[in-house]
Structures are given as structure tokens and as C-alpha cells.
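Student: I have a structure to go through, and I would like to ask why its features carry the labels they do. Could you take me through the reasoning?

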Amino acid sequence: MDERRLNVFVEVARRLSFAGAARTLRLSQPSVSAHVAALERELGAQLFERTTRRVRLTAAGEALLARAETLLRDHAEARRAVAAADERIDGNLTVAASLTIGGYVLPAALARLVAAHPALQVRVTIQNTEQVVRALSEGRADVGFVEGGLVSPGVVLHPLREDELVVIAPAGHPFAGLREVPLEELARAPFVLREEGSGTRQVAETHLRAAGFDPAGLRVVAELSSIDAIKACVAAGLGVSIVSRSVLPAGGDADGLVARRIEGLKLTRRLAAATLRSAPPLPAVRRLLDLLGAELAA
């Protein structure tokens, strides 16, 4: 049974959505449908009932799902064991990364890794921190990249570097005339936030609570899962936001935006790689962490 088709099937079954699986897997929806159809032909059974309103697992689909997740974990563990024994850096490397790390920290290191090992095929999925840990734990990723002080049983963190969060506002906003934004002024501003489960949001809320401010008191006008969309909305005047300094140019400000610290607060977090405690990292993962300067756990 083809591992790729099985992985696509599991994503559709979890979400009961071909479109949702396509977004997660970074595939087109017709490609997802083709993988499922090929698996159905191979097994001689219909796995999903599809209507214009809903997707539902058939009895055959339920039976396959009960085994598929175990099969995928077994495939991943077998691949890790063989690659680790031979110290090979080739084949497939599946990476799950948060938006900040996947979009702004990983690309240069991945480019160097693939240039040095052209037989390696890398697939990166961009998800929030909670989803990254789930993909790693379920065997759908060889390594994860997360933000903040994550604590998860069975997961080992390898610190990369410290990252600072800053307030961004439109260039013409009153915050632009300040060196730092007082907390009471921040509390009155309309906010554009990342979605629940994002590392950036979790860290910002933790720091605000420590300063005696309840994040539930923020006036939230929008929640978005895209950093670029957040920056565009802030530049257009929809509200202010808190983002990683990593997503801004080296000078700090971006086109149409200003970046400011919160007065009396330094919002920092650790960016980290995550691997499973139960399995040694693949040689390709170790090399990637070397390129990123990660602190490898003993």
C-alpha cells in the first residue's frame, strides 16, 4: 500500500474534508482526490461517501483508518531505523514548522541542506505550534519547529535561538511617535491576532498576564492564520498586532509598518526544533539542526 496515498487518506479522514486535507498537505484538491481514488481502486472498496454538503467515512474507510495511522507510524520508524544505521542523507524528509520559523528561519538552512544532498527530497508543512507537535507525535513529520516554552510528553526540544515579539502598527499610527508603547495604550487599541494555538499568540498572552493584564480585555477585530495577511491588515489600518521581529526587515520597520516594544516588557521566546524522545533523529534531521545551530540534546 503506497505510503503517500495512505497519508492523504488519513488527512481527509481526520478532517472529513478534501479541501482541508489539501491545505494541510500543500496539494491541490484534485491531487488529493486522485490519491484517494487510486487507493480505493487498489483496495476495491469505497472509503468515503461524498455529497455536495458533506464527506463521511464508509465502513471500509473506518476499518482502514483504524489501521492506517499505525501503518504510517511503523513506516516512519522503519525508515528512521534504516537511515540512522546507514547514516544516509537521502530519501524523504518531512518537516512540520510554525509560520514564523517555516517562513523566515528555515528556508536558508533547507536550501543549503538540499544543495549538499541532492538526493534528499524535503516536504515542509506550515502549521501552528499545536498542529506541529501533533504531526510529530503521530509520525507525520520527522522533525518539528515550534515557538515558545512547549511542554509535551515524549517530545525533546532542541533550542535554536531567542526571538523577540514586538508591536506593529501603521506608519501613521500614534504608536509611531513613541519609543515604547505603554501597556494602557496597547489595551485601548484594536487588535489583529493570530489564531488560537499559535506559538506567537500563546507567548504574547503569557507575557501580558505576567504584567497584570488579562489578554481577554484586548479589543480583537480580526484573527488570522497568515503572518503576511496580518501585516497587510495592520498596514491598511485595521488594527495593531504583536509579531516576531524575525518577520520584519533587519532594520525593524517594514513598508507601511513601525515596530515598537511594550514599555516595561521584553517579549521573548525560544525558537526550537522538536524530535521524538522514543526515536533517534534521522541523519538528515541532525544535519539540518547543525545548519541551524541548534543545541542538540544528549
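Tutor: Gladly; we will go label by label, and please keep in mind that this is a predicted model.

Student: Let's start with salt bridges. What makes E11 and R140 a salt bridge?

Tutor: The rule asks for a side-chain nitrogen of Lys or Arg within 4 Å of a carboxyl oxygen of Asp or Glu. For E11 and R140 the N to O distance is 2.8 Å, so the pair meets the rule. E11 lies in helix α1 and R140 in the loop between α7 and β5, so the salt bridge ties together parts that are 129 residues apart in sequence. E11 and R140 are both buried.

Student: Why is E42 with R5 called a salt bridge?

Tutor: Their closest N and O atoms are 3.5 Å apart, and the cut-off is 4 Å, so the label applies. This pair links distant parts of the chain, with E42 in helix α3 and R5 in helix α1, 37 residues apart.

Student: Are E42 and R5 buried or partly exposed?

Tutor: Buried means under 20% relative accessible area and exposed means over 50%, with partly exposed in between. E42 has 39%, so it is partly exposed. R5 has 28%, so R5 is partly exposed too.

Student: Which label do R269 and D163 get on that scale?

Tutor: R269 has a relative accessible area of 5%, so it is buried. D163 has 3%, so D163 is buried as well. These two form a salt bridge, with the closest N and O atoms 2.9 Å apart. The pair links strand β12, which holds R269, with strand β6, which holds D163, across 106 residues.

Student: How many salt bridges does the rule give in total?

Tutor: The count comes to 19.

Student: What makes a group of residues one network of salt bridges?

Tutor: Shared partners do: salt bridges that have partners in common join E11, R14, R15, E69, E138 and R140 into one network.

Student: Now the surface. Why do M1, L43 and L71 make a nonpolar patch?

Tutor: A patch takes residues with over 30% relative accessible area and no salt bridge, and nonpolar side chains are joined within 5 Å. Take L43 as the worked case: its relative accessible area is 35%, so L43 is partly exposed and passes the 30% cut-off. L43 sits in helix α3. With M1 and L71, L43 makes a patch of about 240 Å².

Student: How do you know that L291 is buried?

Tutor: Its relative accessible area is 16%, and the cut-off for buried is under 20%, so L291 falls on the buried side. L291 lies in helix α11. Its C-alpha is 5.8 Å from that of A109, although the two are 182 residues apart in sequence.

Student: And why is V122 called partly exposed?

Tutor: V122 has a relative accessible area of 28%, which falls between 20% and 50%, so the label is partly exposed. V122 is part of strand β4. The C-alpha atoms of V122 and A284 are 9.8 Å apart, with their positions 162 residues apart along the chain.

Student: Turning to the largest pocket, what is its volume and what lines it?

Tutor: The volume is about 400 Å³. Its lining has 13 residues, with R23, I126, Q127, Q131 and S225 nearest the centre. Helix α2 gives the most to the lining, with three residues. By class, there are two nonpolar, seven polar and four charged residues.

Student: Q131 is one of those nearest the centre. Is Q131 buried or partly exposed?

Tutor: Partly exposed, because its relative accessible area is 26% and the range for that label runs between 20% and 50%. Q131 belongs to helix α7. Its C-alpha is separated from that of I168 by 26 Å, with the two 37 residues apart along the chain.

Student: One last residue: what is noted about the phi of L16?

Tutor: Phi of L16 is near 50 degrees, a positive value in a residue other than glycine. L16 lies in the loop between α1 and α2. At 40% relative accessibility, L16 counts as partly exposed.

Key: Residues numbered from 1 in each chain as written. Predicted model: local features only at pLDDT ≥ 70, side-chain atom pairs only at ≥ 80, totals over all residues. Heavy atoms only, no water. 1 Å grid on protein atoms, 1.4 Å probe; cavity = no way out; pocket = protein on both sides within 12 Å on 5 of 7 lines; lining within 4 Å. Points joined across faces, edges and corners; volume = space filled by probe spheres on them. Helix = DSSP H or I, 4+ residues; strand = E, 2+ residues; numbered from the N terminus. Nonpolar A, V, L, I, M, F, W, Y, C, P; charged D, E, K, R; others polar. Patch = residues over 30% accessible without salt bridge, like charges linked within 9 Å, V, L, I, M, F, W, Y side chains within 5 Å. Areas by Shrake-Rupley, 256 points an atom, 1.4 Å probe, with all protein chains shown as cover. Buried < 20%, exposed > 50% of the residue type's maximum accessible area, 1.4 Å probe, protein only.
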